[in-house]
Amino acid sequence: MPKSLLFVCLGNICRSPLAEGIAKEVARERALTIEIDSCGTGSWHVGEAPCEDSIRIAKRHGIDISMQRARQITAEDIEHFERIVVLDEKNLQDVQAMGAKNVVKLGFYGADNADVPDPYFFSGYEGFDKVYDMIEHCVKELLRR
Ligand code: 4NP
C-alpha cells in the first residue's frame, strides 16, 4: 500500500476530484493512513471547485467534494507522491513527459487498464453515473492491494 497517492486528470474538476473524494472515504472507512490528493495536467480551471455534476453525484453517494479546489501538477508532486494514478492515456503521457516513473492508470486496477472517459466532453447525467461507478470500482480495487 503506498503512503501517498496523487490522482491526475486533465482539468482537475470532473474525474480526479471524484477519485480523491472516494479514496479519502475508503481510506477513512478502512482506517488507512494515506496522503491523498488530486490535480490536473492543465491550468484552465485552477482555483475552481469541482464541476456541478461531479459534486452532485458524489453527494448522492454520501461524499462531499465541494471544498476541493483545482490545481495544476508540479515537479514537486512528482518527487513527493509515492504513486501517481492518472485517469487516461493522455494524462499518462503528459505526466511521464514531466519525468514521472511512478505512474499508473486508474483502470489498471480492475478495468483492463481502460481510460476513465472524460465526462467534460459528453453531457448528461448518465455519463457522470458511469464515470462515478468506474472510478469507485477501481479506487476500491487500488486500496485493496
Ligand atoms: P477532467 O475534465 O479532466 O475530468 O477534470 C475536464 C475538465 C475541463 C477540461 C477538460 C477536461 N477543459 O478542457 O477545460
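**Lys105, helix α4 and Asp118**

I would like to begin with Lys105, which is found in strand β4, the strand made of residues 103–105. Please keep in mind throughout that what we are looking at is a predicted model.

Is Lys105 buried or exposed? With a relative accessible area of 7%, Lys105 counts as buried, because the cut-off for that word is under 20%. What, then, does the side chain of this lysine reach? It reaches the backbone oxygen of Asn113, at 2.9 Å, and the side chain of Lys105 also makes a polar contact with the side chain of Asp115, at 2.8 Å. If we leave aside the neighbours within four places in sequence, the residues in contact with Lys105 include Asn113, Ala114 and Asp115, and also Val85, Val86, Asp88, Glu89 and Leu92.

Two of those names, Asp88 and Leu92, lead us on to helix α4. This helix covers residues 89–97, and within it Asn91, Leu92 and Val95 are buried. Looking down the axis of α4, we find these buried residues within an arc of 105°, so they line one face of the helix. It may help to recall here that an α-helix has 3.6 residues a turn, so residues three or four places apart point the same way. And what do the buried residues of α4 pack against? The list is β1 (4–9), α1 (15–29), α3 (75–80), β3 (83–86) and β4, the strand we started from.

Let me turn to the ends of this helix. At the N-terminal end, Asp88 caps α4, with a side-chain oxygen lying 3.1 Å from the backbone nitrogen of Lys90, while just after α4 comes Gly99, which takes a positive phi of about 100°.

My last stop is Asp118, which lies in the loop between β4 and α5, the helix of residues 125–142. Although Asp118 sits in a loop, its relative accessible area is 17%, and because buried means under 20%, Asp118 is buried. Which residues does Asp118 touch, if we do not count those up to four places away in sequence? They are Leu10 and Arg15, and with Arg15 there is a polar contact between the two side chains, at 3.4 Å. The side chain of Asp118 also reaches the backbone nitrogen of Tyr120, at 3.0 Å. To finish with a distance you can check in the structure, Asp118 and Ala23 are 95 residues apart in sequence and, from C-alpha to C-alpha, 19 Å apart in space.

Methods: Residues are numbered from 1 along each chain as its sequence is written. This is a predicted model: local features need pLDDT of at least 70, side-chain atom pairs count only at pLDDT 80 or more; totals for chains, interfaces and linings use all residues. Side-chain values use heavy atoms; hydrogens and water are left out. Helices (H or I, at least four residues) and strands (E, at least two) are DSSP runs, numbered from the N terminus. Buried means under 20% relative accessible area, exposed over 50%, partly exposed in between (1.4 Å probe, protein chains only). A polar contact is a pair of N or O atoms within 3.5 Å; within protein, one must be able to donate a hydrogen and the other to accept it, and residues adjacent in sequence count only if both atoms are side-chain atoms. Contact means heavy atoms within 4.5 Å. The arc is that of the directions from the helix axis to the C-beta atoms.
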